[in-house]
Amino acid sequence: MMSADLSSGAIDALAWDKQGGLLPAIVQDADTLRVLMLGYMDPAALRTTLDSGHVTFFSRSRNAQWTKGETSGHFLDVVAIDVDCDRDTLLIAARPHGPTCHLGRDSCFPAAPAASASFVRALDALIADRERERPADSYTTRLFEGGVRRIAQKVGEEGVETALAAVVQSDEALLGEAGDLLYHLLVLLRARGLGLADVEALLQARHAR
């Protein structure tokens, strides 16, 4: 999980006093960038979110901490957390397990736009579904059940085949091998609890240096 500096001291330094000890937390789909919901966090809820990897809020109506999905199973897996310039609002990139809205909708904001998903993003999302659901007739399921070492071996094999295709084969062959390599790399990332958005975040951070 990649986040802003949210060490214990940094959490305490956020502007909790502006709104009675709470900060609004905007949750955004890490893959489509669609706004999913708005909740509130106190310091304890933020720490629980960081520790558990699931978005956790402070419920003002119940006066208690609650983790999104604890009843429905529709958890929000944290990918990154950012803090705005005034230190009084949180932006959380997360991957939803099912609908976010209690009405069964993907977002609590029905008209909230989403970025046009590329096929690679869609493939990454499909691989994430396969990892969770493990359908019996799926090649991707067999890869996951083989474990990280076996998937890593496949990535190595596909990497060698891609390199060889680049040197001695046609463009069509190179593209075919590159597609196989990219697919298996996405599976390997997911087997380690990572995804395309994590790689993109790393590249963006490097680019900003």
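## A glutamine in strand E2

Let's start with one residue: Gln 28 sits in strand E2, which covers residues 23-29. The model you are looking at is a predicted one. Which residue offers its backbone oxygen to the side chain of Gln 28? That residue is Leu 33, whose backbone oxygen lies 3.0 Å from a polar atom of the Gln 28 side chain.

Once neighbours within four places in sequence are set aside, Gln 28 is in contact with Leu 33, Arg 34, Val 35 and Leu 36, and also with Leu 91, Ile 92, Ala 93 and Ala 94.

## The chain as a whole

Stepping back, the protein chain has 7 helices and 7 strands. If you trace the sequence, these elements come in the pattern β-α-β-β-α-β-β-β-β-α-α-α-α-α. The C-alpha trace spans about 65 × 40 × 35 Å along its principal axes.

An unreviewed UniProt entry places the feature "domain: Phosphoribosyl-AMP cyclohydrolase" at residues 37-109. In the model, residues 37-109 are 14% helix and 38% strand, and the C-alpha atoms at the two ends of this stretch are 7 Å apart.

## The largest pocket

Now for the largest pocket, with a volume of about 700 Å³. Its lining is made up of 29 residues, and those nearest the centre are Asp 31, Arg 95, Pro 96, Ala 128 and Arg 132. By class, the lining of this pocket has 13 charged, 11 nonpolar and 5 polar residues.

Which elements each supply at least two residues of the lining? They are strand E6 (76-83), strand E7 (90-96) and helix H3 (119-133). The largest share comes from H3, which supplies 8 residues.

## Where helices H4 and H5 meet

Further along the chain, helix H4 (residues 139-146) meets helix H5 (residues 148-168). Their axes come within 5 Å and cross at roughly 120 degrees. On the H4 side, the contact is made by Tyr 139, Leu 143, Phe 144 and Gly 146, while H5 brings Arg 150, Ile 151 and Lys 154. Sorted by class, the residues of this contact are 4 nonpolar, 1 polar and 2 charged.

Technical notes:
Residues numbered from 1 in each chain as written. Predicted model: local features only at pLDDT ≥ 70, side-chain atom pairs only at ≥ 80, totals over all residues. Heavy atoms only, no water. UniProt positions renumbered as here; feature names shortened; annotations may be inferred. Helix = DSSP H or I, 4+ residues; strand = E, 2+ residues; numbered from the N terminus. Axes fitted to C-alpha atoms, helices over the stretch in contact; angles between N-to-C directions. Contact = heavy atoms within 4.5 Å. Nonpolar A, V, L, I, M, F, W, Y, C, P; charged D, E, K, R; others polar. 1 Å grid on protein atoms, 1.4 Å probe; cavity = no way out; pocket = protein on both sides within 12 Å on 5 of 7 lines; lining within 4 Å. Points joined across faces, edges and corners; volume = space filled by probe spheres on them. Polar contact = N/O pair within 3.5 Å; in protein donor to acceptor, adjacent residues only side chain to side chain.
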